[in-house]
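Subject: Structure handover and notes

Hello,

Here is the structure you asked to take over. My notes follow below it.

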Amino acid sequence: MNKNNSKEEVIPFKLHATFKPKGSQPEAIKKLVSGIKNGNNFQTLLGVTGSGKTFTMANIIASVNKPTIILAHNKTLAAQLYNEFKDFFPENRVEYFVSYYDYYQPESYIPSKDQFIEKDAQVNATLERMRLATTASISSRKDVIVIASVSAIYGLGNPNDFIKMGFEITKGMKISRNELLGKMVSSLYERNDLELMPGRFRVKGDTIDLIPGYGKDIIRIEFFGDEIERIVELEKTSLELIDTFDYFFVYPARHFVTPEDQLQRAMKSIRAELDEVLPTLDMIESHRLKQRTMYDLELLEEVGVCKGIENYSRHLDGRKKGDPPYCLLDYFKDDYMIFIDESHQTLPQFRGMYKGDFSRKSTLVQYGFRLPSAIDNRPLMFDEFEKKMLKEQVVFVSATPSDYEISHSTQVVEQIIRPTGLLDPEVFIHPIKGQMNHLKTKLNAVIKRGNRALVTTLTKKLAEELTEYLARVGIKTRYLHSEIDTLQRTEIIRELRLGKFDVLVGINLLREGLDIPEVGFIGILDADKEGFLRDTRSLIQIIGRAARNVNSKVFLYADKETDSIKNALKETSRRRTIQIAYNEKNGITPETIIKPVKEKEVNVEDIKHIPKSDIPNVIIELEKEMQVSADNLDFETAIRLRNQIVKLKEKIRIK
C-alpha cells in the first residue's frame with residue numbers, strides 16, 4: 001500500500017537498469033518513440049527472441065511517460081512480463097490483471113441431454129486482490145503499467161461506479177464511527193471480528209481495522225469521539241507500523257458495485273424485462289426463468305448482490321441492448337499506451353472470445369435459464385476492441401507479426417540484432433524413424449553439459465506419454481499443461497531453471513515469451529505436420545526459445561521438409577547472417593545470457609505434471625521436508641506436505 005493510493009499524483013516513470021540499450025535497441029526505441037510523439041496510431045516492433053523486446057518497451061514507456069497496458073495472450077507470459085517490469089520500475093506501480101479463477105466451469109445447458117451445468121469456479125484470492133489493486137492504481141495514479149491477459153476485454157463493472165462508491169477518509173475528518181461503517185458496508189466490505197482478510201473489517205471500540213479488497217496489510221482508523229484521529233498502515237501479522245496517512249481513499253471491495261439509486265432502477269428494469277420475456281416462453285422455461293430471476297431480485301433487494309450478478313450488468317450499468325460492456329480498458333483515462341505482446345497470437349485470441357461466449361449464453365436464454373440481457377455480459381467484439389485501439393497509440397510486438405499488424409502499422413521497426421551477440425540457434429532435421437533413441441542421446445548430452453531441454457509435442461496425450469517414458473529411462477522430466485494454475489506454472493519453470501528437473505515437455509505453452517537461458521536443446525516432434533502448431537510462425541517462435549544460450553541446438557523431427565519448415569529455416573538463416581555481421585564488425589563474442597532466478601513465490605500443489613515413475617522419489621523428498629518442518633514446529637508446512645504426499649500415493653495407488 002502506498003500513500004499515492006489516494007489523491008492522483010503525477011509521478012514520472014523511472015527506469016532502473018544496470019545496462020543501456022545496445023544492438024538494434026537504440027534505433028528501435030528512437031523510431032518508435034518518434035512515431036508515438038508524431039501521433040502514429042499503430043506501429044510494429046518486429047523483435048527476434050533474445051533481442052530485448054521487454055527492455056525496449058520499458059525504455060519507450062520511460063520516454064513517453066504515459067499510463068500503459070501490456071496485453072499478453074497467456075498467463076505464463078503475463079506473469080513473466082509482470083516480474084520483469086516490476087524490476088524495471090520499482091518506484092512506479094506495476095500491476096497484474098488476469099482471470100482470477102484457478103478453475104472455471106461456466107454455467108451451460110446441453111439441450112440434447114436436457115442437462116444444465118451449474119457454474120463452478122475456484123477463485124484465487126491473490127489474483128482477485130491483484131485485479132482490484134489494478135483498478136485502484138489506474139483510478140488514482142498516472143505512473144501505472146498493467147500487464148493483462150484476455151481478461152482485459154471481459155465485462156468488469158462501471159468504472160464510474162467503482163470510483164463513486166469509494167470514499168475518502170482524512171485525519172481530523174468529522175464522521176461518526178457508525179457512519180463510516182455504513183460506508184464500508186455500502187462498498188461491499190464485510191464485517192468479521194475473528195478473521196481479517198482482503199475485503200473485510202473488524203471493530204474494537206473506537207478502532208476500525210480494514211484490509212482493502214486490493215490490499216494485503218491493515219489500514220487502522222482510530223477515532224476520538226466523532227473525529228478520525230489517526231490513520232496508519234500495519235503489517236497484518238506482526239502489526240508493525242508501515243506508514244502513516246493524512247488522507248486515504250478506500251475503493252470498493254469488488255468491481256460490480258452499484259449505488260442504491262441505480263440498484264433500484266436496475267431492479268425495476270430487470271422486472272420489466274422479465275415481464276416482457278415470460279409470455280414468449282413455454283410453460284417449463286417460463287417457470288424456470290421466473291423462479292431464478294425473482295430469487296436474484298430478492299437478494300439484490302436485501303444485500304445488494306447475488307450469485308451471477310454480472311449477468312445483470314446491462315441493467316446495473318444502464319446500458320442499452322447490444323452496447324459493449326465496461327472492461328479494464330475503460331478504467332484508463334484518455335491518452336494511454338497499449339503494447340500487444342506476441343501480437344500474432346494475442347490478436348487472434350481476442351478476436352475469438354466473443355463467439356464462444358455468445359453461443360453458450362444464447363442456449364441458456366433460449367431455454368429459460370437466463371434473461372436475454374445476460375448476453376450483454378460478454379467480452380468485447382473485436383471491432384469494439386479495435387475502436388478502443390484507434391483512440392490510443394498501439395505498438396504490436398512480435399518476432400513474427402501477422403498481416404494484420406503489418407498492414408495497419410505506420411512503420412514496422414526491426415530489432416534483429418541481440419546485444420549479447422547470440423545467434424539464432426542451428427537447426428537440424430532428423431527423420432522420425434529412430435527419433436526416440438536420438439532424442440534420449442541428445443537429452444543426456446545436454447544434461448551432462450549442465451543445461452536444460454524443452455520438448456514440444458502436438459497433443460496432450462503424447463506429451464504425457466513422453467514424460468512418463470523419459471522418466472522411466474532416468475531423465476528427470478516434467479509436463480507443463482493448461483490444467484496447472486497460473487502461479488504454479490511460473491514456479492515449475494523456476495524449478496526447471498534451478499535444475500530440480502532437466503526436461504520440460506509441453507504443447508503450446510513452450511512458445512512465445514518463455515525466457516529460459518538455461519535451455520540448451522529443443523526437440524520439436526511431428527515438425528512436418530502442417531497446421532497451427534507447426535506453421536512458419538510457430539516454428540520460428542519455438543526455435544527462438546533456444547536463442548538465449550550460445551550452445552543451444554534445435555532438432556526438427558520430420559520426414560519431409562514442408563513449406564513451413566523451409567520458410568522458418570530461411571528466416572532463421574537470414575537473422576543469423578545479420579547477427580554474425582554485427583558481431584564481426586564490433587568484435588563481439590556471443591555469451592549465454594545470465595539471468596538470476598527469482599525467489600520462490602508459491603508452492604506447487606499440483607501433481608499432474610509429475611510422471612508416475614518419479615513419484616516414489618518425490619515422496620521420499622517430501623517426507624524428509626515434512627519431518628524437518630515438524631521438528632521446527634512449522635506444522636502448517638508439515639500438513640501441506642503431508643497432503644501432497646497423500647495425493648501422490650493415490651496417484652500410484654500406494655496403500
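Is Asp143 buried or exposed? The model is a predicted one, and in it Asp143 has a relative accessibility of 0%, so it counts as buried. Asp143 sits in the loop between helix 4 (125-140) and strand 8. Its side chain makes a polar contact of 2.9 Å with the side chain of Asn92. Beyond its neighbours within four places in sequence, Asp143 is in contact with Ile11, Phe13, Glu91, Asn92 and Arg93.

Strand 8

The loop that holds Asp143 leads to strand 8. Five of the five residues of strand 8 (residues 144-148) are buried, so the strand is largely enclosed by the rest of the structure. In a regular strand the side chains alternate between the two faces of the sheet. Here Val144, Val146 and Ala148 lie on one side and Ile145 and Ile147 on the other, and both faces are covered.

Two strands pair with strand 8. Strand 2 (residues 68-71) runs parallel to strand 8 and is joined to it by four bridges; in this pairing Ile69 stands opposite Val146. Strand 3 (residues 93-97) is also parallel to strand 8, with five bridges between them. Phe97 has Ala148 as its bridge partner in strand 8.

Nonpolar cores

In soluble globular proteins, nonpolar side chains tend to be buried together. In this model the largest nonpolar core has 57 residues. Ile69, Met184 and Phe385 are the residues with the most contacts inside that core, and Ile69 is the residue that stands opposite Val146 of strand 8. Leaving aside neighbours within four places in sequence, Phe385 is in contact with Leu71, Ile153, Leu329, Ile340, Leu347, Phe350 and Leu380. Apart from the largest core lies another, of 35 residues, which includes Ala58, Leu81, Tyr96 and Ile147. Ile147 belongs to strand 8, where it shares a side with Ile145.

Helix 16

Helix 16 (residues 536-544) is another enclosed element: seven of its nine residues are buried, so it is largely enclosed by the rest of the structure. The buried residues are Ser538, Leu539, Ile540, Gln541, Ile542, Ile543 and Gly544.

Salt bridges

The count comes to 29 salt bridges. Three of them are described here.

Arg254 and Glu190 form a salt bridge in which the closest N and O atoms are 3.0 Å apart. This pair links distant parts of the chain, with Arg254 in the loop between strand 16 (247-250) and helix 7, and Glu190 in strand 10 (residues 190-191), 64 residues apart. Arg254 is partly exposed, with a relative accessible area of 30%, and Glu190 is partly exposed at 37%.

Arg370 forms a salt bridge with Asp296, with 3.7 Å between the closest N and O atoms. This pair too links distant parts of the chain: Arg370 is in the loop between helix 10 (343-366) and helix 11 (382-391), Asp296 is in helix 8 (residues 283-303), and the two are 74 residues apart. Both partners are buried, Arg370 with a relative accessible area of 6% and Asp296 at 5%.

Arg575 and Glu571 meet in a salt bridge of 2.7 Å, N to O. Both lie in helix 17 (residues 563-586), four residues apart, about one turn of the helix. Arg575 is buried, with a relative accessible area of 4%, and Glu571 is buried, with 18%. Elsewhere, salt bridges that share partners join Glu107, Arg292, Asp296 and Arg370 into one network.

Glu273

Which side chain of opposite charge is nearest to Glu273, and how far away is it? The residue is Arg314, at 4.3 Å. A salt bridge needs the nitrogen and the carboxyl oxygen within 4 Å, and Glu273, although buried, has no salt bridge. Glu273 lies in helix 7 (residues 260-277). The side chains of Glu273 and His315 are joined by a polar contact of 2.6 Å. Apart from its neighbours within four places in sequence, Glu273 is in contact with Arg314, His315, Leu371, Pro372 and Ser373.

Regards

Notes. Residues are numbered from 1 along each chain as its sequence is written. This is a predicted model: local features need pLDDT of at least 70, side-chain atom pairs count only at pLDDT 80 or more; totals for chains, interfaces and linings use all residues. Side-chain values use heavy atoms; hydrogens and water are left out. Buried means under 20% relative accessible area, exposed over 50%, partly exposed in between (1.4 Å probe, protein chains only). Lys and Arg count as positive and Asp and Glu as negative; His and the chain ends are not counted. A polar contact is a pair of N or O atoms within 3.5 Å; within protein, one must be able to donate a hydrogen and the other to accept it, and residues adjacent in sequence count only if both atoms are side-chain atoms. Contact means heavy atoms within 4.5 Å. A nonpolar core is a set of buried Ala, Val, Leu, Ile, Met, Phe, Trp, Tyr and Cys residues joined through side-chain atoms within 4.5 Å. Two strands pair if DSSP finds at least two bridges between them.
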